[in-house]
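Subject: Structure handover

Hello,

Here is the structure we talked about. Please load it first, then read the notes below.

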Amino acid sequence: MTAIPFDNSFARLPAQMFSALPPTPVKDPGWIARNDALAAELGIEDAWFGGDDSLAVFAGNTTAEGSTPVAQLYAAHQFGHWNPQLGDGRAILLGEVIGTDGIRRDIQLKGSGRTPYSRSGDGRSWLGPVLREYLISEAMHAMGVPTTRALAAVTTGEEVFRETALPGAVFTRVAQSHIRVGTFQVHASRQDKDALQALFDYTVARHYPEATDPNAFLRAVVGNQAQLIAKWMGLGFIHGVMNTDNCSVAGETIDYGPCAFMDAYDPAKVFSSIDQTGRYAYGNQPGIAAWNCAQLATSLIPLMPDQDAAIEAFTQSVNTFPDHYDAAWLAVVGAKLGISDPSANDRPLIKDLLELMTAGGSDFTNTFANLASPKAQDQFADRDGFARWQTRWADRRATEFAAIMARANPQVIPRNHQVEAVIQAGVAGDFAPFHNMLSVVTDPFAPLDDAREPYAAPPTDQEIVTRTFCGT
Ligand code: AMP
Ligand code: MG
């Protein structure tokens, strides 16, 4: 019996789609965190997970039995600019497992050394992005958002050099796959029809078995992206780098870099230091997701017998995004307001609340978490306006509104200033704050108690984080 029940399929696709190579070993690995529940769902041997042999695998020091490690090739539009070749420059796909739920998932190391796609990068990661992705991806999962998961995080005993020397770490993530819009783009732009067809057949079989042609596949991706972004919007989540390589065709949130949740509500909010023009601002995310779907559509055209007909059909499919998104968003925000049957008639009520929140710089999470409590008025500059809004809301919400809202509005999110504090402690060798925060943010809907209360606090003026940095 092997410790990880690998069943690899991507590595059997045409060779131009990846580079086969093992991770690069590190000096002195040590555990930061392991996700036992996820390991069990993936069928990973309990007695092995957590021992020294598993530490060596998740540090990249040994190749597990059954693993066929590869770095995947892709391309991307980065901030709208075409980059014909990217790829896993700091990641290695170890292989796939079929979980107890019957779903095939990738197990991938991130920060595992250089690959043919590394360009000038070192292929490594420092501790900060590893802790950030672990916390945020597991919190997103707990809040019901499709996402890659965190299986393990280890220190390397090596330093990586960014602006300064920082402790290195390797993150193990689990995804329904790492097939991105950019994975299609690279083969389409190379006019490699064989690879493109093989990728399409593979992706449909793996993720959309009911989609029998490229247009059906496209429509399914559009629908999933619309659902996903509506969930982000309902939590105040800002991805930060919605490039086409960071857009999973399986519809999961992927590639957590400079992502963050907003504290004060502001539709124009941007955290990422590299997003100078605000292309990926909170309020732009639905439009960008639709744009990414259009890039996928372009990549699928070579698979169609009649190009003009394909362009017409694909355009129609991409243009369904706003309707899908509007419906998904209404369902998300309706639940946040305790409305059991939200409809377009509720839009003015929602819009007016969001306007009051914008004007008041209201804390997004706490406003919804406390909307029915007298504390809510503290979130608003225009208290009278809010009181009038509350009367309209009271007339509209369901009788069982409190129960609906309790399932839709997290009490805690991984707030940026707290993520930064956890990272600082980790750099100093103390992972207790990381573990404390992880246990709180992975139980986001539970009522606050003394231990959880501090995590619900918005940043003080001194604590506000204005900029986040890419996960390199
Ligand atoms: P991302 O920020 O995840 O979208 O990364 C963009 C591209 O840069 C991907 O192809 C990454 O593999 C690559 N990359 C990012 N950081 C590094 C690094 N430290 N070493 C090598 N490649 C990297
Ligand atoms: Mg990426």
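This is a predicted model. The notes go site by site.

**Magnesium site**

Start with Asp 255. Its relative accessibility is 12%, so Asp 255 counts as buried. The cut-off for buried is under 20% relative accessible area. Asn 246 is also at 12%, and therefore counts as buried. Both residues serve the magnesium ion, ligand 2. Asn 246 donates through OD1 and Asp 255 through OD. These protein donors lie 2.0 to 2.1 Å from the ion.

**Helices H6 and H9**

Two packed helices are described by the angle between their axes and the distance between the axes. Here are both values for H6 (residues 214-235) and H9 (residues 321-336): the angle is about 35°, and the axes are 8 Å apart. The crossing of H6 and H9 is right-handed.

Which residues of H6 and H9 meet? On the H6 side they include Val 222, Ala 226, Ile 229, Ala 230 and Met 233. On the H9 side they include Phe 321, Tyr 325, Ala 328, Trp 329 and Val 332. Lys 231 of H6 and Lys 336 of H9 are also among the contact residues. By type, the contact of H6 with H9 divides into ten nonpolar, five polar and two charged residues.

**Helix H4 and the loop after it**

H4 (181-189) is mostly covered. Eight of its nine residues are buried. They are Val 181, Gly 182, Thr 183, Phe 184, Gln 185, Val 186, His 187 and Ala 188. What do the buried residues of H4 pack against? The partners are E4, E5, H5, H6 and helix H7 (285-300).

Gln 191 follows H4 and has a positive phi, near 55°. Gln 191 is not a glycine. It sits in the loop between H4 and H5. Is Gln 191 buried or exposed? Its relative accessible area is 72%, so Gln 191 is exposed.

**A second positive phi**

Phe 79 also has a positive phi, near 50°, and is a residue other than glycine. Phe 79 is in the loop between strand E4 (76-78) and strand E5 (81-83). At 22% relative accessibility, Phe 79 counts as partly exposed.

**Aromatic pairs**

How many aromatic pairs does a search of the whole structure find? It finds 23. One of them joins Phe 10 and Phe 18. That pair is tilted, at 6.0 Å centre to centre with 55° between the planes. Both Phe 10 and Phe 18 are buried.

Phe 10 also pairs with Tyr 202. The ring centres are 5.8 Å apart and the planes stand at 80°, so the pair of Phe 10 and Tyr 202 is edge-to-face. Phe 10 lies in the segment before strand E1 (18-20), and Tyr 202 lies in helix H5 (residues 193-207). The pair therefore ties together parts that are 192 residues apart in sequence. Phe 10 has 2% relative accessibility and counts as buried. Tyr 202 is buried too, with a relative accessible area of 11%.

Ring pairs also link a cluster: Phe 380, Phe 386, Trp 389, Trp 393 and Phe 401.

**Arg 149**

Arg 149 is in strand E9 (residues 149-161). Is Arg 149 buried or exposed? Its relative accessibility is 11%, so Arg 149 counts as buried. What does Arg 149 touch, not counting residues up to four places away in sequence? The list includes Glu 41, Glu 138, His 141, Phe 171 and Arg 173. Asn 35, Leu 38 and Ser 137 are also among them. Arg 149 and Glu 138 are eleven residues apart in sequence, and 6.1 Å apart in space, C-alpha to C-alpha.

**His 417**

His 417 is in helix H14 (residues 416-427). With a relative accessible area of 10%, His 417 is buried. Leaving aside neighbours within four places in sequence, His 417 is in contact with Ala 457, Pro 458, Pro 459, Glu 463 and Val 465. His 417 and Val 465 are 48 residues apart in sequence. In space they are 5.8 Å apart, C-alpha to C-alpha.

Best wishes

Technical notes: Residues numbered from 1 in each chain as written. Chains lettered and ligands numbered in written order. Predicted model: local features only at pLDDT ≥ 70, side-chain atom pairs only at ≥ 80, totals over all residues. Heavy atoms only, no water. Axes fitted to C-alpha atoms, helices over the stretch in contact; angles between N-to-C directions. Helix = DSSP H or I, 4+ residues; strand = E, 2+ residues; numbered from the N terminus. Left-handed = near helix turned anticlockwise from the far one by under 90°. Contact = heavy atoms within 4.5 Å. Nonpolar A, V, L, I, M, F, W, Y, C, P; charged D, E, K, R; others polar. Donors = N, O, S within 2.8 Å, 3.2 Å for Na, K, Ca; no water. Buried < 20%, exposed > 50% of the residue type's maximum accessible area, 1.4 Å probe, protein only. Phe/Tyr/Trp six-rings, centres within 6.5 Å; stacked < 30°, edge-to-face > 60°.
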